[in-house]
Amino acid sequence: MNKPLPEDPMMRQLVQMSRRHQMTRRAALAGAGATAAALALTACSPAGSKGQKQLTPAKDVSATEKTVIWHNWDLYMDEDAKGNHPTLDRFTKETGISVEYKIEIDDNDSYFGKVKDQLALGADIGADVACPTEWMVARWVNNGYVQKFNDANIPNKKNLQPAYLGAEFDPKREYSMPYQGILGGITYNKEAYKKLTGKDAPTSLADLFVPELKGRIGVLKEMRDTIGLILLSQGITLSDPKSLTSDAFMNAIDYFKGKVADLNIKIKGQGYSVDFENGDTVAAIAWSGDTVQMNLSAGREKYGFVIPDSGATITADEFVIPMGATHKANAEALINFYYDPKNAAELAAWVNYVTPVVGAQEEAMKIDPKLASNQLIFPSAEFLANTHAWRSLTPSEEQTFTKAWQSVQVGA
Amino acid sequence: MAFAAFGSGGGGKHSSPTKSNGKVALFLLIPGLSYLGLFFLTPLISLVVTSLEAPDPSGAIGVYQYGFEINNYVYAIQTFWPHIARSFTYALIATVCALLISYPLAYFIGVRLRTRPLLQGLLLTLVIAPFFISFLLRTFAWRQIFSSDGVVMQFLHATHILAPDQYIAGTDFMVIFGLTYNFIPFMTLPLYTTLERLDLRLLEASSDLYASPATTFRKVTLPITMPGIISGTLLTFIPIAGDFVNASPEFLGGAKTAMIGNVVQSSFLETMDYPTASALSVMLMAVILVLVSVYVKKSGTEDLL
């Protein structure tokens, strides 16, 4: 009875269904047949016309089942030489809740494609808590796909950086809590960049899109980072609807299309670090924390990360608890744990992304003063003034923008 | 066909023979027919229905309702015709390259080595050997081999075969190279089976009649091995036209090499534009069907199919 559930969301649903009802064998077979038929029907009409229906949270069985399943990104958890996750292990020790930590998110769009049918039905997606990026979180919150937090279970919510309050989709952070903040800027191979361009480091986007680097420039597949940096370099304010208009966006797309054609730019997802390692990429639009990881695996300070003078994009990957999650209280305990400044500092020391927890910097001071002064992890107010977040897009804008972005990616 | 054969062939002494035999045949065909219905027809119908869907009035992303939007096809052609053209151009070039490489190879194994079965077996195993390693790994290995800091590129730059700012990674050449490489076994094996049966006495007769080796090849060998060429080219051309791995930027491709398969993939998974993706898939299928039937008709090998 207590076998672990299978990973595949559909199989998981079937297994749970059969467990819940404790049917006779014949009835179970009929049930499975009916479910299969229902699944076949949903498969025929991708995402049919759902979303209007109000979803109800799944029953919370946290009190009896001391587990929580977490979907997250790669290189996003502290890890010791043996491959253990020290902070997660301590969480289990303190609370008695065991964590199934799964690296399931490669990029937001394909993760959403994987779980969206279950989300729309309010069914279990195989995770009690997941950390997609803010714009995707906004979609989940707006569609009513996620459960409201019980703040009594997250006393450490008081440690949230006030800057993260006031988001349009969730002003009081009742449905989503930042896990790590992410900066988009320029990563470059120090030696190769100098050799090819004669300059020490890029300081602006114009230093990235130079003919000397032709064929060896990369950008992120994440539209908000790549086009975001281009828009910033064109003087557009990303948070201002009057500045970031459709025309401004299409302008940036056209500009970038020209650059792709002239300079043979590579557009890649999380796998871009491989291109740095084999030399295909010398400089790229990339995420701040990955540079540290790449330097670690290179064994020296081979790569640098800079914020272009026109500014960096900033966003966050955020905790959400899907409607179908059956271990909500356990997930809340997990969120609470990572909002403890001490734990947040320990995590930040490893993942090197912007931490959203107040007090973590003081804790980091105790671990390593150099860490505490790293602007990319604990940005100062002046530093943050040069980072910019996107305003939320309307569904129709989102549709036109992603289609335009697709046309760049597949190179019309 | 099988059904008709069963129906008319029988005629035993039992009561109402044809009828009951027909029933038996039908019964025996049930597994095959239900397989086709379930795994070919259902997805195909679902694909065609999806390709005609209209966006949901709510404007939500990835939500569509049943409709009859022929415009999806117009949009798909208008927007993605360069990718359709590119797919078939790549497929054509890669198929021709694969044929040029495979034919001498298959000839060597199937004709020249007839007296040495052991060597023949060894070489055939080598042709199939790449399949022992994952297709994705092998493709990715080529990317590493041609990487911009790699030995190959250093050599090409040092010898000035390529200008210093020219690289192979992510170019048309790289993708066609990968496609050719990956599909060579599918070309070699059918060629081998026809060449292996080639009657050498015919070649002898031809040279007795004062035909030059070139003429013998053109007038005797080539026509006899035509069935192998046709099935080899079909087995390579069709999957190449729909391939999306080689041209993907994650593997050998770049920003300007996307084929129709890449567009379908990104439309399905990233923009969640299911109707356009389905319309493209349906069109790819239709174009391939037309091309193949014309090709088979022209080459006079209908009985192959």
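**Note on chain B and two buried residues**

1. Leaving aside neighbours within four places in sequence, T221(B) is in contact with Y103(B), Y107(B), L195(B), L198(B), L203(B) and T216(B). The model is a predicted one, and the contacts of T221(B) should be read as contacts in that model.

2. T221(B) sits in helix α9 of chain B, which covers residues 213-224. Is T221(B) buried or exposed? Its relative accessibility is 2%, and because buried means under 20% relative accessible area, T221(B) counts as buried. One of its listed partners, T216(B), has a number that falls within the range given for helix α9.

3. Chain B as a whole has twelve helices and two strands. Where do the strands come in the order of elements? Along the sequence the pattern is α-α-β-β-α-α-α-α-α-α-α-α-α-α, so that two helices precede the strands and the other helices follow them.

4. The overall dimensions of chain B can be given in two ways. Its C-alpha trace spans about 80 × 75 × 35 Å along the principal axes. Its radius of gyration is 25 Å, whereas a compact globule of 305 residues would have one near 19 Å.

5. Of the 305 residues in chain B, 41% count as buried; T221(B), at 2% relative accessibility, is one of the buried residues. The area that chain B exposes is about 16700 Å², and 73% of that area is supplied by carbon and sulfur atoms.

6. How many of the contacts in chain B between residues at least 6 apart in sequence join residues at least 24 apart? The share is 66%.

7. Chain B carries 16 positive and 16 negative charges. The mean positions of the two sets are 16 Å apart.

8. In chain A, the residue to look at is Q147(A), which is found in the loop between α5 (134-142) and β4 (177-189). Although it belongs to a loop, Q147(A) is buried, with a relative accessible area of 5%.

9. Which backbone oxygen lies 3.0 Å from a polar atom of the side chain of Q147(A)? That oxygen belongs to P322(A). The side chain of Q147(A) also reaches the backbone oxygen of M323(A), at 3.1 Å.

10. P322(A) and M323(A) also appear among the residues that Q147(A) touches, not counting residues up to four places away in sequence. Other residues touched by Q147(A) include P57(A), A58(A), E174(A), Y175(A), I321(A), G324(A), A325(A) and K328(A).

Conventions:
Residues numbered from 1 in each chain as written. Chains lettered and ligands numbered in written order. Predicted model: local features only at pLDDT ≥ 70, side-chain atom pairs only at ≥ 80, totals over all residues. Heavy atoms only, no water. Helix = DSSP H or I, 4+ residues; strand = E, 2+ residues; numbered from the N terminus. Rg over C-alpha atoms; globule rule 2.2 N^0.38 Å. Buried < 20%, exposed > 50% of the residue type's maximum accessible area, 1.4 Å probe, protein only. Contact = heavy atoms within 4.5 Å. Areas by Shrake-Rupley, 256 points an atom, 1.4 Å probe, with all protein chains shown as cover. Lys, Arg positive; Asp, Glu negative; His and termini not counted. Charge placed at Lys NZ, Arg CZ, Asp CG, Glu CD. Polar contact = N/O pair within 3.5 Å; in protein donor to acceptor, adjacent residues only side chain to side chain.
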